[in-house]
Structures are given as structure tokens and as C-alpha cells.
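I opened a fresh page in my notebook for this one. Here is what I looked up, entry by entry.

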Amino acid sequence: MMEDKIVRQYVRAVSRKLICSKATRSKLLNGLKQELSAYSELSYNELCAKVGNPEQIAEQLLESVDETEIAVSKRKHRFVITLEIGILIVLLLLLAAYY
């Protein structure tokens, strides 16, 4: 039970670093989870030492992803951040106008 938690934690850390569509991310992470099941008895630090840190693994996985898909995902991510900042600015202006 605890072993599965370590693998899930590692896969989640890799997932945060992946810049691709949800479908591609799901395929990549499912494959990674199957590969890591062989190391399920290791602690998180031991797993990182044996396999590599999550950033390195994410970079390796992204090498197999199409560049246009990565560009589209980056564009969507920037749009969401810009939208969130815009909403925050509008809310702050409304708050300032209220007071």
C-alpha cells in the first residue's frame, strides 16, 4: 500500500512538469507508472536516485511528444495565466473604486 503511494507521488511530480495535452500526458504517465511498479519497494528518495529526478524524467518523456502539441499547450497555459491576471486586475480596480 505504501509502495503505491510513493510511485503515485513520483508520477504526480513528473506530471506537473509535462507540457502536453491531457490525452498524451495520460498515456505517458500510465506507461511510466507501469515501469515504476518494479521499484515499488523503494522510498521516494531511493526511487529518485535509481530512476532520476522527476524533472529529468519529464524532459525525457517530452522528447517523444510532437513539438506542435507542446507549443499549443504552452500557448493555452499562457492564455490561462493572462486571463487570471486580467480578472485579478479587474477585481482590484472594482475594489478600489468601491472604496
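**Entry 1: the core.** I started with the largest nonpolar core, which has 19 residues. Those with the most contacts inside it are Tyr10, Val14, Leu18, Leu32, Leu36 and Leu61. I then asked which elements give two or more residues to this core. They are H1, H2, helix H3 (44–51) and helix H4 (54–62). H1 gives the most, with five residues. I jotted a reminder beside this: in soluble globular proteins, nonpolar side chains tend to be buried together. I also noted for myself that this is a predicted model.

**Entry 2: the salt bridge.** How many salt bridges does the structure hold? I found one. The side chains of Glu55 and Lys17 meet in it, at 4.0 Å from N to O. The pair links distant parts of the chain, with Glu55 in helix H4 and Lys17 in helix H1, 38 residues apart. My margin note here says that side chains of opposite charge can pair when their charged atoms come close. I checked the accessibility of both partners too. Glu55 counts as partly exposed because its relative accessibility is 35%. Lys17 is also listed as partly exposed, at 42% relative accessibility.

**Entry 3: the positive patch.** Next I went to the surface and looked for charge. Lys5, Arg8, Arg12, Arg16 and Lys33 form a positive surface patch. Which helix supplies the largest share of this patch? I found that helix H1 (residues 2–17) does, with four residues. I looked up Lys33 as well, and its place is in helix H2 (residues 22–36). Is Lys33 partly exposed or buried? Lys33 is partly exposed, since its relative accessible area is 38%.

**Entry 4: the nonpolar patch.** I then turned to nonpolar side chains on the surface. Phe79, Val80, Leu83, Ile87, Val90, Leu91 and Leu94 make a nonpolar surface patch of about 670 Å². I picked Ile87 from this group for a closer look, and I found it in helix H5. With 46% relative accessibility, Ile87 counts as partly exposed.

**Entry 5: along helix H5.** I kept Ile87 and paired it with Thr68, which is found in helix H5 (residues 67–98). The C-alpha atoms of Thr68 and Ile87 are separated by 29 Å, and the two residues are 19 apart along the chain. Thr68 is exposed, because its relative accessible area is 52% and the cut-off for exposed is over 50%.

**Entry 6: two distances from helix H2.** I closed with two pairs that begin in H2. My starting point was Lys22, placed in helix H2. Where does Lys22 fall, exposed or buried? Lys22 is exposed, with a relative accessible area of 72%. How many Å separate the C-alpha atoms of Lys22 and Ser73? I read 9.6 Å for this pair, which is 51 residues apart along the chain.

For the second pair I took Ser26, which lies in helix H2. Ser26 counts as partly exposed at 36% relative accessibility. I looked up its partner Leu92, which sits 66 residues from Ser26 along the chain. The C-alpha atoms of Ser26 and Leu92 are separated by 37 Å.

Note on methods
Residues numbered from 1 in each chain as written. Predicted model: local features only at pLDDT ≥ 70, side-chain atom pairs only at ≥ 80, totals over all residues. Heavy atoms only, no water. Patch = residues over 30% accessible without salt bridge, like charges linked within 9 Å, V, L, I, M, F, W, Y side chains within 5 Å. Areas by Shrake-Rupley, 256 points an atom, 1.4 Å probe, with all protein chains shown as cover. Lys, Arg positive; Asp, Glu negative; His and termini not counted. Charge placed at Lys NZ, Arg CZ, Asp CG, Glu CD. Buried < 20%, exposed > 50% of the residue type's maximum accessible area, 1.4 Å probe, protein only. Core = buried A, V, L, I, M, F, W, Y, C linked by side-chain atoms within 4.5 Å.
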